[in-house]
Structures are given as C-alpha cells and as structure tokens.
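Hi everyone, thanks for making room for me today. Let me put the structure up, and then we can walk through a few places in it together.

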Amino acid sequence: MFRKTKSTDEANDADAAEEETSSALAEAQAAKGRPTPTRREAELARKQRLSGLSADPKKAKRQNRQRDFEAQTERQHGGPVKQFARDYVDSRFRIAEFFIIFAVLLFVVASVPSVALLSVVLWLVMLVAIVFDSVLLVRGVKREAHKRFPNADLGRIGWYSLMRSMQFRKWRLPKPRLKRGEKF
C-alpha cells in the first residue's frame, strides 16, 4: 500500500487502460480522418467558405483587389455598345496609336539643325493623318452602332472609341478580344 514501486499487476492494468484510451482516440480520428477542429479554426473555415476568400491574408487582399478592379472595369466599360466600339477599334489598324512613338522620334530628329525643317513637315503630315483617321473612325463607329443598336443610347461612343484608338494596343483595358483584321 505504501510502496514506492507498483506491482506488476497494477502496472499491466495501467498500461492496458492507457492503450484502450489511445486506441479509442485513434479510432475516433480514423472514423473521420482528422482531429476535431478548434472553435477558432471552425469559425475561420466557415467565414472562408462564405466569402470565397483564401486563408492567406495576402492572397485574400489580392483577390479583393482583383474583384474590385473587375467590378470597376465592368461599370466603366460594360454594355454591348461599348463592347462593339472596342471590337471596332481593335479589329483595325489605327495611325493614332503610334503617335507617341512618332512624336519622340520627331523630337530627336528636330534636335539636328539640318533636318529641323523636315521634322516640322513630318509633324504636320502626322497630325493631318491622325485627324483624318480619327474622323473616319468616329463616323464609322457611330454609323455601325446605329445599324446594330437602333434603340440604344449611344452617348459618347465616338469619344470612347477615339480615346481607345490612341492607346498602345497592349495597354488597352479591357484587353482586345480581336486581332487586327478579324471580323466581329
């Protein structure tokens, strides 16, 4: 009774009881394949399922930004009329999208005194070509839009298409769906 060491029978009973509890715990985990989550983990998992966001805070923030950007883009560039205008602009070659490159080259050429007059003439030719191309673009977009969307409010569809035509093709948002020369 007041011994320091246990008898072998008591030791065997303790080992057997310990094995039973560990086997019962293992069976409970084997039945569902994992330990029971804590309350905090369960609440976090539920919130993630409801929101559709990632557990990683940086990834969740990135997903939020992407979702907000897409919603803003849809508000700004949504609708079938604007989609038509984007396709109309993207399916054709436009002189205005190369204006920035041409302007930089002309500034470099203008710094050479012997060809300074030539750069002024090239400026005028480029401006006339851009104005002519832009007028044709706006008239064409409006004419086609009236045919395809007779009852729609076209608003400033000409201005929208003109601004899109002056951007580099790779920098346009939303990204072009059509290649040059493709029918829409």
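Let's begin with Glu70, which counts as partly exposed because its relative accessibility is 46%. You'll find Glu70 in helix H3. Please keep in mind as we go that this is a predicted model.

What sits 104 residues away from Glu70 in sequence and 9.5 Å away in space, C-alpha to C-alpha? That is Pro174, and Pro174 lies in the segment after H7. Another residue to look at here is Glu74: its C-alpha atom is 9.1 Å from that of Pro174, with their positions 100 residues apart along the chain.

Now stay with Pro174 for a moment. At a relative accessible area of 23%, Pro174 is partly exposed; the cut-off for buried is under 20%, so 23% does not meet it. Setting aside neighbours within four places in sequence, Pro174 is in contact with Thr73, His77, Arg86 and Arg164.

Here is a detail I'd like you to zoom in on. The peptide bond that joins Leu173 and Pro174 is cis, with omega at about -10 degrees. As background, most peptide bonds are trans.

Leu173, on the other side of that bond, also belongs to the segment after H7. Is Leu173 buried or partly exposed? Its relative accessibility is 44%, and therefore it counts as partly exposed. If we leave out residues up to four places away in sequence, Leu173 touches Phe69, His77, Arg164 and Gln167. Take His77 from that list: Leu173 and His77 are 96 residues apart in sequence, yet 8.6 Å apart in space, C-alpha to C-alpha. His77 and Arg164 are worth marking on your screens, since each is in contact with Leu173 and with Pro174.

Let's step back to the whole chain. The protein has 7 helices and 0 strands, and from the N terminus on the elements read α-α-α-α-α-α-α. It has 184 residues, and 21% of them count as buried. The accessible surface comes to about 14200 Å², with 61% of that belonging to carbon and sulfur atoms. How about contacts across the sequence? Among those between residues at least 6 apart, 68% join residues at least 24 apart.

With that in mind, on to two helices that are mostly covered. The first one I'll show is H7, where 7 of the 9 residues are buried. Those buried residues are Ile157, Gly158, Tyr160, Ser161, Leu162, Arg164 and Ser165. Which helices help to cover them? The cover includes H3, H4 and H6.

The other is H4, residues 80-90, with 8 of its 11 residues buried. On its list are Val81, Phe84, Ala85, Arg86, Asp87, Tyr88, Val89 and Asp90. These pack against H3 (57-77), H6 (116-148) and H7 (157-165). So notice the pairing: H4 is part of the cover of H7, and H7 is among the helices that the buried residues of H4 pack against.

Next, Ser165, which lies in H7. Ser165 counts as buried because its relative accessibility is 2%. Beyond its neighbours within four places in sequence, Ser165 is in contact with Val89, Arg94, Ala96, Glu97, Leu137 and Arg172.

Glu97 on that list leads us to the loop between H4 and H5, where it lies. Is Glu97 buried or exposed? At 3% relative accessibility, Glu97 counts as buried. And what does its side chain do in there? The Glu97 side chain makes a polar contact with the side chain of Arg180, at 2.7 Å. Again leaving aside neighbours within four places in sequence, the contacts of Glu97 are Ser165, Met166, Gln167, Phe168, Arg169, Arg172 and Arg180. Arg172 is a contact of Glu97 and of Ser165.

My last stop is the largest pocket, which has a volume of about 150 Å³. Its lining is made up of Tyr88, Ser91, Arg92, Glu144, Arg148, Gly181, Glu182, Lys183 and Phe184. How do those residues divide by class? There are 2 nonpolar, 2 polar and 5 charged residues. We have met Tyr88 already, as one of the buried residues of H4.

That's my tour, so over to you for questions!

Terms used. Residues numbered from 1 in each chain as written. Predicted model: local features only at pLDDT ≥ 70, side-chain atom pairs only at ≥ 80, totals over all residues. Heavy atoms only, no water. Buried < 20%, exposed > 50% of the residue type's maximum accessible area, 1.4 Å probe, protein only. Helix = DSSP H or I, 4+ residues; strand = E, 2+ residues; numbered from the N terminus. Contact = heavy atoms within 4.5 Å. Polar contact = N/O pair within 3.5 Å; in protein donor to acceptor, adjacent residues only side chain to side chain. 1 Å grid on protein atoms, 1.4 Å probe; cavity = no way out; pocket = protein on both sides within 12 Å on 5 of 7 lines; lining within 4 Å. Points joined across faces, edges and corners; volume = space filled by probe spheres on them. Nonpolar A, V, L, I, M, F, W, Y, C, P; charged D, E, K, R; others polar. Areas by Shrake-Rupley, 256 points an atom, 1.4 Å probe, with all protein chains shown as cover.
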